[in-house]
Amino acid sequence: MDISHRHSMANRASPKEGLVTGELRKAIFKSKVSFLMVGFFSLFINLLMLVPPLYMLQLYDRVLTSRSEETLIMLTGLVIVLFITMALLEIVRSKVLVRIGTKMDSLLNQRIFDSLFELTQKHPGKASSMPLSDLTQIRQFMTGNGLFAFFDAPWIPIYIGVLFLFHPIFGYFAIFAAIILITITITNEYATKRKLKEANEFNSASTMFVNNNLRNAEVIHAMGMKDNIRGLWEEKHYAFLNAQSQASNSAGIWSNVSKSTRMMFQSLMLGLGGYLAIHMEVSPGMMIAGSIIMGRALAPLDLMINSWKGFSGARTSYARLDALLNDFPKDKEYMELPAPQGEIILEQVVVVPPNAKEPSVRGVSMTINKGDVVGIVGPSAAGKSSLARIILGLWPLHNGKVRLDKADISQWEKTALGQYIGYLPQDIELFEGTISQNIARFGEVDATKVIEAAQNTGVHEMILRLPDGYDTKIGAGGATLSGGQRQRVGLARAVYNNPVLVVLDEPNSNLDELGERGLIQAVQTLKQRGTTVIIITHRPNILQVTNKLAMMKQGLLEIYGNTNEVLAKISAQAQQAKQQAQAKTQAKQPPRPAPAMPKISLSKPSS
């Protein structure tokens, strides 16, 4: 209860934060004090940026005319102190932005990670690790020089105001130059935005395509599909390269135009100052200082254009992350419920699988009491695995309710509930690590519980025969183990820590005779402990340990009840269907012709 309470308090928004919509914006808004601090430091940094031109002004107009070494030493010493102060402020400002990026990452990385798993469940094949890369890109932009341009840009009017103090023509010329650079910035945005967006979309599609196909590398190699798959990937990859090249070329053109234009205006400011100095309207010091100040005034605009690609990428990443978090909001927090006992109730359940249009389960209602061992049988595509997934709360319901101990399954916090549930899916997935870590579900490895789970499933001796026993490291997906070994280790993982509900989907599909005996032994042990067990299978051997049996067909629950009674009904139905088929076959056969009658001769026999 303490854990969930702390979790609830940690995620409770303050009244001010409640005014900010969007989870991503809220995470950034939590650093508002730090952003204000960055702005405060930017105030003094930009004021200190006036030191070089003012120093130059004093040198030309005061030191050179008075030829005073004491004035020169004093001014130079003051300038050195001010430059050191500015450097320290720059360092502190950079560190604050790094802390902002780190804080934002720590606030969002868990939510993004969880949302990716939600996306995988609801839209298989569409999820990739790109959102985590998006978070990294936003953090990197926030800690780079590009963001400084946005903090320095508000000081452009201050610099232009100083130029007006020197001479109005300086000010108007600076405004004209700023308008030209702003026009270049806007043009760069429109010229690169669409292509950068296309490039990001193509890159995402290309990356996802590769990730999905790497999971099936064995099939691709075995059937000579590599060249065909590579051809499809190259189409997506070259589309990404073309879009990125066009965007980069356009950005490069406008970046160089901006840089050259800024340097040209800065030089022209010198020429303008020389003209005014000739007419005695400004001093030579003002001529030099005006050029430096205008260069500083235009620098944020130039930096914006040069870092526009990074800004555009961060903006696109922000949009993707915002959409992901909005599509998969944080689960509603319910009061922590007592440990479940294992009773399952389905109420008119209708399930539409992800990316499908037709339901795979249609209006199923059934009750599974605590301690029942229920077998679920039926032909392929009957909805058996769909039923297992909604019992575990993996797929959303189109209609109906699934209840665990009378409570809606959605009211259970998934991580807390997971320790009471065991699951062995059709496609066995083990993870990179040791055998013991996989059995212990990558939590704290309790050697006693790990060995107990292995012994209860008959896999203990098999593990001991491995090179390092329980400490044997396996690759991603359990690539170092055979299919049967992966299934047996997966079974031990499912029964680890004595769960109250165990769902086994085709648990004997890869097992040999020894492995099947271990499976039956495991189910019998679970049955003796009062664990609720659901077994989806096509093999009849495992049905001997069940006490209830459900027959699924085309998403409907055909029969459900005592195992022996259901088997008798299924057998009777099969016999009846066989007889009907035979009757139809006989009815379709043409009638046999009547046997020919022997000819009777009426002639008298010869004497």
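Helix α9 passes α11 in a left-handed crossing. This is a feature of a predicted model, in which the axes of α9 (residues 168-214) and α11 come within 8 Å and cross at roughly 170°. An angle over 145 degrees counts as roughly antiparallel, and α9 and α11 are therefore roughly antiparallel to each other. The points below cover this pair, a second helix pair, two loop residues with positive phi, and the confidence of the prediction.

**Helix α9 with helix α11**

- Sorted by class, the residues in the contact of α9 with α11 are 30 nonpolar, 13 polar and 4 charged.
- Helix α11 spans residues 226-278 and is followed by a loop that lies between α11 and α12 (284-306), where M280 is found.

**Helix α6 with helix α13**

- Helix α6 covers residues 130-142 and helix α13 covers residues 308-327; their axes come within 8 Å and cross at roughly 135°.
- That angle makes α6 oblique to α13, because it falls in none of the ranges for roughly parallel, roughly perpendicular or roughly antiparallel.
- The crossing in which α6 passes α13 is left-handed.
- On the α6 side, the contact is made by M130, P131, D134, L135, Q137, I138 and F141.
- On the α13 side, the contributing residues are G310, F311, G313, A314, S317, Y318, R320, L321 and L324.
- By class, this contact of α6 with α13 comprises 10 nonpolar, 4 polar and 2 charged residues.

**Loop residues with positive phi**

- M280, a residue other than glycine, has a positive phi, near 60°.
- The relative accessibility of M280 is 73%, so this residue counts as exposed.
- N497, also a residue other than glycine, has a positive phi, near 65°.
- N497 is placed in the loop between α19 (483-495) and β9 (501-505).
- With a relative accessibility of 30%, N497 counts as partly exposed, because the value lies between the 20% limit for buried and the 50% limit for exposed.

**Confidence of the prediction**

- The average pLDDT of the protein chain is 82, and 90% of the residues score at least 70.
- Over residues 1-20 the pLDDT stays under 50, and the model has 14 contacts beyond four places in sequence for this stretch.
- Residues 600-607 have a pLDDT below 50 as well, and this stretch has 0 contacts in the model beyond near neighbours in sequence.

Terms used. Residues are numbered from 1 along each chain as its sequence is written. This is a predicted model: local features need pLDDT of at least 70, side-chain atom pairs count only at pLDDT 80 or more; totals for chains, interfaces and linings use all residues. Side-chain values use heavy atoms; hydrogens and water are left out. Axes are lines fitted to C-alpha atoms, for helices over the stretch in contact, and angles run from 0 to 180 degrees between N-to-C directions. Helices (H or I, at least four residues) and strands (E, at least two) are DSSP runs, numbered from the N terminus. Angles under 35 degrees count as roughly parallel, over 145 as roughly antiparallel, 65 to 115 as roughly perpendicular and the rest as oblique. A crossing is left-handed if the near helix is turned anticlockwise from the far one by less than a right angle, and right-handed if clockwise. Contact means heavy atoms within 4.5 Å. Ala, Val, Leu, Ile, Met, Phe, Trp, Tyr, Cys and Pro count as nonpolar, Asp, Glu, Lys and Arg as charged, and the others, Gly among them, as polar. pLDDT is the predictor's confidence in each residue, from 0 to 100. Buried means under 20% relative accessible area, exposed over 50%, partly exposed in between (1.4 Å probe, protein chains only).
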